[in-house]
Amino acid sequence: MSIDEVCETTLAIDHPAGLHLRPAALFVRTANGFQSAISLRNLSRDGARAVDAKSIVGVMQAAVSQGHRVAVRASGPDAAAAVTALTALVARNFAEEQ
């Protein structure tokens, strides 16, 4: 029996498009590579609710623009790896790995 872990971080989005179109698709594709449940909350919008980071519709509804800060929370057997991968994606400014 595996123990589920919870991991959370705050990230600054520097991409000119924010989390729209291609960056959002890359974020969702990366999140979907993990078993854990992953949520995203736009900390730069008052009253913003957490959305499913594995849903392109949810990520687009978060309305994350350049300069916004987001909270990423993962819960499940690979939560730490999921947060690490999403953090790396944002740190690369959504550039795809070669």
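**Group meeting: overall fold and the surroundings of Glu5**

The protein I am showing today comes to three helices and four strands, and I should say at the outset that what we have is a predicted model. Read from one end of the sequence to the other, these elements follow the pattern β-α-β-β-α-β-α. The radius of gyration is 12 Å, close to the 13 Å that the globule rule gives for 98 residues, so the protein is as compact as a globular protein of that length. Taken along the principal axes, the C-alpha atoms fill a box of roughly 45 × 35 × 20 Å.

Turning to contacts and burial, if we take the contacts between residues at least 6 apart in sequence, 73% of them join residues at least 24 apart, while buried residues make up 38% of the 98 residues. The accessible surface comes to about 5,400 Å², and carbon and sulfur atoms account for 50% of that surface. As for charge, there are 9 positive and 9 negative side chains, and the centres of these two sets lie 6 Å apart.

Let me now go to one residue, Glu5, which is found in strand β1, covering residues 5-12. Is Glu5 buried or exposed? Glu5 falls in between, as partly exposed, because its relative accessible area is 32%, and the limits for that class are 20% and 50%. Leaving aside residues up to four places away in sequence, Glu5 touches Ala74, Ser75, Gly76, Pro77, Asp78, Ala79 and Ala80. Ser65, by contrast, lies 60 residues from Glu5 along the chain, and the C-alpha atoms of these two residues are separated by 29 Å.

Conventions
Residues numbered from 1 in each chain as written. Predicted model: local features only at pLDDT ≥ 70, side-chain atom pairs only at ≥ 80, totals over all residues. Heavy atoms only, no water. Helix = DSSP H or I, 4+ residues; strand = E, 2+ residues; numbered from the N terminus. Buried < 20%, exposed > 50% of the residue type's maximum accessible area, 1.4 Å probe, protein only. Contact = heavy atoms within 4.5 Å. Rg over C-alpha atoms; globule rule 2.2 N^0.38 Å. Areas by Shrake-Rupley, 256 points an atom, 1.4 Å probe, with all protein chains shown as cover. Lys, Arg positive; Asp, Glu negative; His and termini not counted. Charge placed at Lys NZ, Arg CZ, Asp CG, Glu CD.
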